[in-house]
Amino acid sequence: MTPAIKIEQLHKHFGDLHALKGIDLTIEQGEFFALLGPNGAGKSTLINLLAGLLRPTQGKLAVMGFDVNRQYQQARHALGVVPQELVFDPFFNVREMLRFQAGYFGRGRENDAWIDEVIECLGLTDKAHTNMRRLSGGMKRRALIAQALAHKPPVLVLDEPTAGVDVELRQLLWEFIKRLNREGHTIILTTHYLEEAETLCSRIAMMKQGEIVALDSTQNLLNRLPEKKLRLKLGAATLPASLKPLLLSQGRGGIQESGEYTLALAEVTQIEFILAELRNAQIKVEDIQLIEADLEDVFVDLIGHA
Amino acid sequence: MSFNFRRFQLNSLRAPWTLFKKELLRFWRVSFQTVAAPVMTALLYLLIFSHVLEAHVQVYPGVGYTAFLIPGLMMMSLLQNAFANSSSSLIQSKVMGNIVFLLLTPLSYLELFLAFLAASIIRGLVVGLSIYLVAMLFIDLPITHPWLILAFAVLGSGLLGAFGVIAGIWAEKFDQMAAFQNFIIMPLTFLSGVFYSIHSLPPFWQQVSHLNPFFYMIDGFRYGFFGKGDIAPEISLSVVAISFFTISWLTLSLLKSGYKLRG
């Protein structure tokens, strides 16, 4: 099957800045894929290149088998992009904007049923005839997603779709996006909310300084850090010296101001040793919690050390 | 998920047609500003200049100054509004950021150009025609060569519409666009013979006027009404047509290169 996205040896320079350094990436059809990385890692540059908003210095990009530059019309038909910024046309209402957007892709009145469905699923029914200018930030975000979907593209790219969005809307968006994914749409997501990527995405690429430093299934990435963590609340007492080698680094929240200590466990059996040491030091444990490594740990580990 | 691109190719004309419709609706939604205001301004010019000069100036034999002025004002407003349509749409979209919705579409550079151009021509013609209709309430204006009037109106508004696309691509803020309008478009229109015949100018300034393409648009357009002009209409039409195709070619080249639109 043709991959949804295929990127080969992609380089992008902005003057002296080498923003993307030879990216190779294949995303299969139907995947829910996350692109993670700190600010300036090159995620948005990569998305803008896919969307044809930027031109590559070197390398190839294809959407559903269509070269983004040579077969740009086919590639753009296959792609919907939700931009990061809340941009809108102040002259029109939501339904008009969606009809125009679909029209740019050659779709007419026969597409109205799909537009109605998108409007309803994104909770925009009451606002369909409201001018874009008058929508709240959350509603504008929904309208942006609707605009990207107006021509029913098989591949949908969401660039930070839940930035500044309340919990209720976030849930609604994800339910809808998950439904699209179940129906066969390929979803590519960039987000700063790592728990979203962990919950939703089957595969993740982590970027740093224009390079992909990790590309694997979410589970394999989580397995990279087999360690578990033990969080102890000791009140006013300090951690015995014998346990200090187990403390997580400060960057990963080793010691909290609230008197909480987080220790890294190579094996669960170490818990007995830790509790024995605390008993010997006559320290009363106020609270204790065993924590699995999450994507944030993997992210910090990879981005901090790669 | 199945994806059939060929199905959409059949509707390819719908894409530029949609952009054209959107651009029309954009100016029509604010028609007080885009149509009524320029008509009002032209009428004020007409009232003031005709009141002051009607009794003192006769540019062509048998043509009063007020009648002489009307085609000039029509063409001036038509050109300025054709320019404003494409340039303001692009600069607003760039500043607001919503130009991204256009750049993400499969519209080709030629389709983009034609849609912006057609909408500019329509706005120019609507403003020009409105001024004509209102002016008809005060004075009876002859129409000697209607096809010539139409040709100059369409080519002139097309030329300025294309120029507006260039300005909209180049400018990054409203200030730069205002400079374009106030330091290029405005002087060229005011110094093109809207209010006078270039034969009333000293020989040096007559020569300078011949370098101004706006002069040919106004003189040729006026010829269509009175059958009289400062130069032969064939020359004016040739200059305007060559200018239109040159500016259109330049605009298409900029759009194709992605200059200031695609990095």
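Reader: What share of the contacts in chain A between residues at least 6 apart in sequence join residues at least 24 apart?

Author: The share is 70%. This is a predicted model, and a contact here requires heavy atoms within 4.5 Å. In chain B, residues 24 or more positions apart account for 81% of the contacts with a separation of 6 or more.

Reader: What makes up the secondary structure of each chain?

Author: Chain A has ten helices and 13 strands. Chain B has eleven helices and zero strands, and its pattern along the sequence is α-α-α-α-α-α-α-α-α-α-α.

Reader: Why is chain B called as compact as a globular protein of that length?

Author: For 263 residues the globule rule gives 18 Å, and the radius of gyration of chain B is 20 Å; the two values are close, so chain B is as compact as a globular protein of that length. The C-alpha trace of chain B spans about 75 × 40 × 35 Å along its principal axes. For chain A, the C-alpha atoms fill a box of roughly 75 × 45 × 35 Å.

Reader: How many of the residues in each chain count as buried?

Author: A residue is buried when its relative accessible area is under 20%. By that test, 55% of the 306 residues in chain A are buried. In chain B the figure is 53% of 263 residues.

Reader: Which atoms make up the accessible surface of each chain?

Author: Carbon and sulfur atoms hold 70% of the accessible surface of chain B, which comes to about 11,900 Å². In chain A they hold 47% of about 13,600 Å².

Reader: How many charges does each chain carry, and where do their mean positions lie?

Author: Chain A has 34 positive and 39 negative charges, with mean positions 5 Å apart. Chain B has 15 positive and 9 negative charges, and there the mean positions are 18 Å apart.

Reader: How do you know that chain A and chain B are in contact?

Author: Contacts were counted from heavy atoms within 4.5 Å. That count gives 39 residues of chain A in contact with 36 residues of chain B. The size of an interface is often given as the accessible area lost when the parts come together. Here the buried area is about 3,600 Å², and carbon and sulfur atoms give 64% of that area. On the chain A side, L53(A), F91(A) and Y104(A) lose the most area to chain B, together 22% of what that side buries.

Reader: Why is helix 1 of chain A called largely enclosed?

Author: Helix 1 covers residues 43-51, and seven of its nine residues are buried, so helix 1 is largely enclosed by the rest of the structure. The buried residues are K43(A), T45(A), L46(A), I47(A), L49(A), L50(A) and A51(A). After the helix comes G52(A), with a positive phi near 80°.

Reader: Why is L103(B) called buried?

Author: The cut-off for buried is under 20%. L103(B) has 7% relative accessibility, so it counts as buried. L103(B) lies in helix 5 of chain B, residues 100-103. Leaving out residues up to four places away in sequence, L103(B) touches A51(A), L53(A) and R76(A), as well as L261(B) and R262(B). L53(A), one of the residues that lose the most area to chain B, is thus among the contacts of L103(B). G258(B) is 155 residues away along the chain from L103(B), and their C-alpha atoms are separated by 9.9 Å.

Reader: What makes V208(B) partly exposed?

Author: Partly exposed covers the range between buried, under 20%, and exposed, over 50%. V208(B) has a relative accessible area of 32%, so it falls in that range. V208(B) sits in helix 9 of chain B, residues 203-209. The C-alpha atoms of V208(B) and L252(B) are separated by 29 Å, and the two residues are 44 apart along the chain.

Reader: What is the phi of M64(A), and is M64(A) buried or exposed?

Author: M64(A) has a positive phi of about 50° although it is not a glycine. M64(A) is in the loop between strand 4 (58-63) and strand 5 (66-67) of chain A. Its relative accessible area is 10%, which is under 20%, so M64(A) is buried.

Reader: How do you know that E160(A) is buried?

Author: E160(A) has 5% relative accessibility, and the cut-off is under 20%, so E160(A) counts as buried. E160(A) is found in the loop between strand 7 (155-159) and helix 6 (167-182) of chain A. E160(A) is not a glycine, yet its phi is positive, at about 50°.

Conventions: Residues numbered from 1 in each chain as written. Chains lettered and ligands numbered in written order. Predicted model: local features only at pLDDT ≥ 70, side-chain atom pairs only at ≥ 80, totals over all residues. Heavy atoms only, no water. Helix = DSSP H or I, 4+ residues; strand = E, 2+ residues; numbered from the N terminus. Rg over C-alpha atoms; globule rule 2.2 N^0.38 Å. Buried < 20%, exposed > 50% of the residue type's maximum accessible area, 1.4 Å probe, protein only. Areas by Shrake-Rupley, 256 points an atom, 1.4 Å probe, with all protein chains shown as cover. Lys, Arg positive; Asp, Glu negative; His and termini not counted. Charge placed at Lys NZ, Arg CZ, Asp CG, Glu CD. Buried area = accessible area lost by both parts, 1.4 Å probe.
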